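The following paragraphs lead through the model shown here, from the contacts of one residue to the core and one helix.

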Amino acid sequence: APPGIDAPPAGPKPEGDRPSLDVVHLQPEADASDDPDSDAPRLVVRAVGNGGAVQGGAKGKIAGGGAAQDDYDRAFDLYKSKSWDKALEALGAFLNKYPENPAVETVTFLRGECWFGKGEHRRAAEQFEAVASSFPQGQRPADALLRAVQAYGRAGDKAAAEAAKKKLLSNYPASDAARKAARLPSDKKKP
């Protein structure tokens with residue numbers, strides 16, 4: 001295995017249309033700017049196949065590094081501390097400053113989570129729908145549609161919740177989000 005990557009263990013056989021995914025243990029290289037005592041995740045790992053994407057942690061290294069990384073980290077820390085208004089401001093500033101950064105998908109998703117946290121479910125649903133429509137092959141479209149179903153349900157818009165659920169089940173049928181949505185009534189008040 002390449003340096004910093006442990007060889008994957010033998011895994012179970014794939015089921016149905018789910019892809020075979022090997023588990024890979026990544027070890028970050030030492031970096032002078034990293035805090036060795038920090039419990040914060042350092043890597044974002046994606047394994048993409050027919051079953052969707054798997055991502056570990058929203059805070060991690062992003063493309064562009066430097067100022068973009070610093071701005072993202074500040075916004076993410078505000079989100080994690082549930083400072084919804086400040087996080088929305090910081091996430092919006094990131095989108096304006098770095099519109100082409102690959103983290104735009106995650107930043108938009110986090111904006112939806114902030115609006116959801118504030119109880120502004122229709123605005124949350126708009127952000128989640130934006131993720132799904134702007135990044136249909138990205139890391140989060142299925143999860144974004146599930147959150148849209150939940151947000152519309154909380155907003156009392158059963159028709160919009162059903163439409164988002166239908167889109168999720170038809171576009172991402174093998175995803176974990178679709179399996180959860182199939183069990184979730186759209187008019188349910190609490191996700």
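Contact here means heavy atoms within 4.5 Å. The model is predicted: local features need pLDDT of at least 70 and side-chain atom pairs count only at pLDDT 80 or more, whereas totals for chains, interfaces and linings use all residues. Residues are numbered from 1 along each chain as its sequence is written, and side-chain values use heavy atoms, with hydrogens and water left out.

Leaving aside residues up to four places away in sequence, Arg111 touches Leu88, Leu91, Gly92, Leu95 and Gln127. Arg111 lies in helix H3; helices are DSSP runs of H or I with at least four residues, numbered from the N terminus. Arg111 is buried, that is, under 20% relative accessible area with a 1.4 Å probe, protein chains only. Arg111 nevertheless has no salt bridge (a side-chain nitrogen of Lys or Arg within 4 Å of a carboxyl oxygen of Asp or Glu). The nearest side chain of opposite charge, Glu126, is 8.5 Å away; in this count Lys and Arg are positive, Asp and Glu are negative, and His and the chain ends are not counted.

The buried residues of H4 include Gln127, Phe128 and Val131. Their cover includes H3, H5 and H6.

The largest nonpolar core (buried Ala, Val, Leu, Ile, Met, Phe, Trp, Tyr and Cys residues joined through side-chain atoms within 4.5 Å) has 44 residues, of which Tyr72, Phe94 and Leu168 touch the most other members. H5 gives the most to this core, with eight residues. Beyond four places in sequence, the residues that Phe94 touches include Ile62, Tyr72 and Val107.

Conventions: Buried means under 20% relative accessible area, exposed over 50%, partly exposed in between (1.4 Å probe, protein chains only). Helices (H or I, at least four residues) and strands (E, at least two) are DSSP runs, numbered from the N terminus.
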